[in-house]
Amino acid sequence: MHRFLDALSRHLAALTTLLGCLCALVMALALIAGVFYRYVLNASLTWADEVALLAFSWSVFLFASELVRQQSHVRITLLVERLPPTMRSLFERLSLLLVATFGALMLWAGWKFASFTAHQVSAALRYPLWLQSASVPVSGALIVLHSLTQLMQPTSAPAQGVTP
């Protein structure tokens with residue numbers, strides 16, 4: 001089971017990274033175009049800010065889930081590093097359980113909010129606002145998957161990012 005989840009997590013992480021990079025590129029290009037039109041051509045693009053905000057939302061939440069997989073979020077490990085290996089492993093697993101719980105809350109609350117915005121549209125482009133809101137539950141689901149994959153990792157292997 002762990003092998004399947006690990007492969008799924010790995011493949012989704014690669015897709016997430018690709019989509020996150022594309023969203024960041026779209027965001028940067030939309031902002032550059034908006035600034036260029038505003039200050040060089042003395043005209044404004046009504047859609048640039050909305051596209052940038054949509055792409056920003058997706059890139060932030062997609063990369064947040066990828067950072068959970070890589071265990072690269074900011075952590076304070078001063079006390080945990082001083083614990084014996086078995087206690088350290090226990091605290092690492094407790095941390096992963098809390099992260100998975102947070103991901104589940106993101107999934108639940110994000111789903112409710114996306115449902116709330118299902119019939120709303122953006123001001124300039126008139127795209128459905130659930131497209132932006134959906135970034136939260138998607139990220140939550142990915143966070144749950146990555147956390148559970150790490151939780152199911154055999155205990156004999158040292159946790160990633162922890163020095164024995």
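Where does Ser 122 lie? Ser 122 sits in the loop between α3 and α4 (130–133), and this loop is the starting point for a set of close-up views of a predicted model.

**Figure 1. Ser 122 and its partners in the loop between α3 and α4.**
Although this serine belongs to a loop, Ser 122 is buried, with a relative accessible area of 4%. Its side chain takes part in a polar contact of 2.8 Å with the side chain of Glu 50. A polar atom of the Ser 122 side chain also lies 3.0 Å from the backbone nitrogen of Arg 126. If you set aside residues up to four places away in sequence, Ser 122 touches Glu 50, Tyr 127 and Leu 129. Glu 50 therefore appears here both as a polar partner and as a touching residue, while Ser 122 counts as buried because its 4% falls under 20%.

**Figure 2. The largest nonpolar core, with Ala 52 among its members.**
Five residues make up this core: Cys 23, Met 27, Ala 30, Ala 52 and Ala 55. Two elements, α1 (2–39) and α2 (48–70), each give two or more residues to this core. Which of them provides the largest share? That is α1, with 3 residues. As background for this view, nonpolar side chains in soluble globular proteins tend to be buried together. Follow Ala 52 and you will find contacts with Met 27, Ala 30 and Leu 31, leaving aside neighbours within four places in sequence.

**Figure 3. Ala 28 of helix α1, shown with Ala 52.**
Ala 28 is found in helix α1. Is Ala 28 buried or partly exposed? Ala 28 is partly exposed, with a relative accessible area of 32%. Along the chain, Ala 28 and Ala 52 are 24 residues apart, and their C-alpha atoms are separated by 7.2 Å.

**Figure 4. The aromatic pair of Phe 36 and Tyr 37.**
The model holds 2 aromatic pairs, and this view shows one of them, formed by Phe 36 and Tyr 37. A pair of aromatic rings is described by the distance of the centres and the angle of the planes. Here the centre-to-centre distance is 6.1 Å and the planes stand at 80°, an arrangement that is edge-to-face. The angle of 80° earns that label because it is over 60 degrees. Phe 36 is partly exposed, at a relative accessible area of 41%. Tyr 37 is partly exposed too, at 33%.

**Figure 5. Asn 42 in the loop between α1 and α2.**
Take a look at the backbone in this view: Asn 42 is not a glycine, yet its phi is positive, at about 55°. Asn 42 is exposed, with a relative accessible area of 71%. This places Asn 42 in the exposed class because 71% is over 50%.

**Figure 6. Gln 71 in the loop between α2 and α3.**
Gln 71 is another residue that has a positive phi without being a glycine, here about 50°. Is Gln 71 buried or exposed? Gln 71 is buried, with a relative accessible area of 18%. The side chains of Gln 71 and Gln 150 are joined by a polar contact of 2.9 Å. Also shown is Arg 93, which is 22 residues from Gln 71 in sequence and 12 Å from Gln 71 in space, C-alpha to C-alpha.

**Figure 7. Ser 147 in helix α5.**
Helix α5 covers residues 135–151 and includes Ser 147. With a relative accessible area of 0%, Ser 147 is buried. A polar atom of the Ser 147 side chain lies 2.8 Å from the backbone oxygen of Ile 143. Which residues does Ser 147 touch, not counting residues up to four places away in sequence? They are Val 68, Leu 96, Val 99 and Ala 100.

**Figure 8. The largest pocket and its lining.**
Rolling a probe the size of a water molecule over the atoms shows where empty space is left. The largest pocket holds about 340 Å³ of space. It is lined by 18 residues, and those closest to its centre are Arg 75, Glu 92, Ser 95, Leu 96 and Val 99. Both α2 and α3 (85–116) supply at least two residues of the lining, and α3 gives the most, with 7 residues. Leu 96 and Val 99 will be familiar from the view of Ser 147, which touches them.

Note on methods. Residues numbered from 1 in each chain as written. Predicted model: local features only at pLDDT ≥ 70, side-chain atom pairs only at ≥ 80, totals over all residues. Heavy atoms only, no water. Core = buried A, V, L, I, M, F, W, Y, C linked by side-chain atoms within 4.5 Å. Buried < 20%, exposed > 50% of the residue type's maximum accessible area, 1.4 Å probe, protein only. Helix = DSSP H or I, 4+ residues; strand = E, 2+ residues; numbered from the N terminus. Contact = heavy atoms within 4.5 Å. Phe/Tyr/Trp six-rings, centres within 6.5 Å; stacked < 30°, edge-to-face > 60°. Polar contact = N/O pair within 3.5 Å; in protein donor to acceptor, adjacent residues only side chain to side chain. 1 Å grid on protein atoms, 1.4 Å probe; cavity = no way out; pocket = protein on both sides within 12 Å on 5 of 7 lines; lining within 4 Å. Points joined across faces, edges and corners; volume = space filled by probe spheres on them.
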